[in-house]
Amino acid sequence: MTRAVVRHSTAAAAVPAIDMSTRLGSVGLPSPVLTASGCAAAGRELDQFFDITSIGAVVTKSIMLEPRSGRATPRMAETPSGMLNSIGLQGPGIHAFLEKDLAWLRERGARVMVSIAGGTTQEFEEIAKILREHGGFDALEVNISCPNVADRGQVFACRADSAAAVIGGVRRSTDPSIPVFAKLSPDVTDIGTIALACIRAGADGLSLINTTLGMVIDVDTMRPALAGVTGGLSGPAIRPIAVRCVWQVRDVLPDVPLIGMGGIRNGADAFEFILAGADAVSVGTVVFHDPSAPARVHAELATLAAQRGFTRLRDAVSYAHREADPPPADTDDGYDLSLPEWV
Ligand SMILES: Cc1cc2nc3c(=O)[nH]c(=O)nc-3n(C[C@H](O)[C@H](O)[C@H](O)COP(=O)(O)O)c2cc1C
């Protein structure tokens, strides 16, 4: 039996009139909801389920210079409220990506944030230069959560100096009109320090967070469940960590555009990130069981923010950081100290 593909319409009458537009540096978006890198390929499959031009942008799978087949299988494992993956940046390489994926996205009229990855600072710069020559995209996300082959496989994002070296190189190699976002790892002691280093190196904004390192052991085989032993944990299990990272970075950098992600399944989850300080959100793992999730999250977020009295979503950004609400007007200190009648 063939399954009918049901296209989800974001123009549903139920979506209230609220201005959902946001800004990521020099780029304005009509919606703050994006796909998360690696969870939507280049958007072609999702476009069967909803109109990909209706969301903020498609964030493509991190692309490297050369084609890569990724890690050995098994490379996915289920976890409580999450998923562990060790795909290992499988992809066709930058040239095939430009010819097939980026060309299709442009023709389709989608806004595109291209995600790039590399094993050395030079590789990141080279990809950025190729992209600059080619053009045809709106923003760049730099996935620095990959191993630095020149430094014993230490992840770039886990040290301020290596993170800054990559971001500085990419920023210099990229058209100044294209915003560069650094995608950070939560697996650090102080995410504020890494965030600050990336901004000082020239990043226009930050994407928070990539997966956090985890591991599953199969108790039947009594071996690691993934061929790569460890993997990246994603899904609702990591949402409190991700919200905490957005909160902490927003405290350190009050005016820098932030994209929040980690376990967003619905509008309420997305709203949590907005309240913590995110200007936009990326929707990842949930797409594997609900491919129309980005459009649904947009509609649910609009409804929830309107119910809370917002007419512009951007007024809700960082709202949870506001000073304590004043006590009710009819009491001095917010506490009713009068004695009950029976005393
Ligand atoms: C299967 C899979 C592949 C991913 N590939 C990438 C990638 O290529 N580049 C990247 O920056 N993040 C990648 N991520 C991380 C996601 O973009 C996102 O940061 C993370 O999964 C948290 O969001 P989520 O819980 O909504 O999935 C991947 C995640 C998953 C689950």
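In strand β18, Val281 serves as the bridge partner of Val33. This pairing belongs to a parallel arrangement in which β3 (33–35) and β18 are joined by three bridges. Val281 is also the bridge partner of Gly260, here within the pairing of β18 with strand β17 (residues 258–260), which is again in the parallel sense and comprises two bridges. Strand β18 itself covers residues 280–283 of this predicted model. Ala280 and Ser282 point one way from the strand, while Val281 and Val283 point the other way. Residues on both sides are buried, for Ala280, Val281, Ser282 and Val283 all fall in that class.

A second set of strands pairs in the antiparallel sense. Strands β5, β6, β16 and β13 form an open sheet, and they follow one another in that order. At its edges lie β5 (76–79) and β13 (212–215), each of which pairs on one side only. From one strand to the next, the twist averages 40°. At the β5 edge, the partner is strand β6 (residues 82–85), and four bridges connect the two in the antiparallel sense. Within this pair, Met76 stands opposite Asn85 of β6. In general, the strands of a sheet are held in such pairs by backbone hydrogen bonds, in either a parallel or an antiparallel manner.

The loop between β5 and β6 holds a backbone feature worth a look, as it is the place of Ser81. This residue is not a glycine, yet its phi is positive, at about 55°. Ser81 has 13 other C-beta atoms within 10 Å and is therefore partly exposed. A comparable case is found at Ala41, in the loop between β3 and β4. Its phi is likewise positive, about 45°, although Ala41 is not a glycine. Because 15 C-beta neighbours lie inside 10 Å, Ala41 counts as partly exposed.

Two peptide bonds also deserve attention. One joins Thr73 and Pro74 and is cis, with omega about -5°. Pro74 is found in the loop between β4 (58–59) and β5, the latter being an edge strand of the open sheet. The other runs from Leu208 to Ile209 and is cis as well, with omega near 15°. Ile209 has its place in the loop between β12 (205–208) and β13, and β13 is again an edge strand. As background to these backbone features, most peptide bonds are trans, and most residues other than glycine have a negative phi.

Turning to the helices, how do α3 and α4 lie relative to each other, and at what angle do they cross? The axes of helix α3 (residues 160–173) and helix α4 (residues 191–200) come within 8 Å and cross at roughly 30°. With angles under 35 degrees counting as roughly parallel, α3 and α4 are therefore roughly parallel to each other. The crossing in which α3 passes α4 is right-handed. On the α3 side, the contact involves Ala160, Ala163, Ala164 and Ile167. These residues meet Thr193, Ile194, Ala197, Cys198 and Arg200 in α4. By character, the residues of this contact divide into seven nonpolar, one polar and one charged.

Technical notes
Residues are numbered from 1 along each chain as its sequence is written. This is a predicted model: local features need pLDDT of at least 70, side-chain atom pairs count only at pLDDT 80 or more; totals for chains, interfaces and linings use all residues. Two strands pair if DSSP finds at least two bridges between them. Axes are lines fitted to C-alpha atoms, for helices over the stretch in contact, and angles run from 0 to 180 degrees between N-to-C directions. Angles under 35 degrees count as roughly parallel, over 145 as roughly antiparallel, 65 to 115 as roughly perpendicular and the rest as oblique. A crossing is left-handed if the near helix is turned anticlockwise from the far one by less than a right angle, and right-handed if clockwise. Two residues are in contact if their C-beta atoms, placed from the backbone, lie within 7 Å. Ala, Val, Leu, Ile, Met, Phe, Trp, Tyr, Cys and Pro count as nonpolar, Asp, Glu, Lys and Arg as charged, and the others, Gly among them, as polar. A residue is buried if 20 or more other C-beta atoms lie within 10 Å of its own, exposed if 12 or fewer, and partly exposed in between; C-beta atoms are placed from the backbone.
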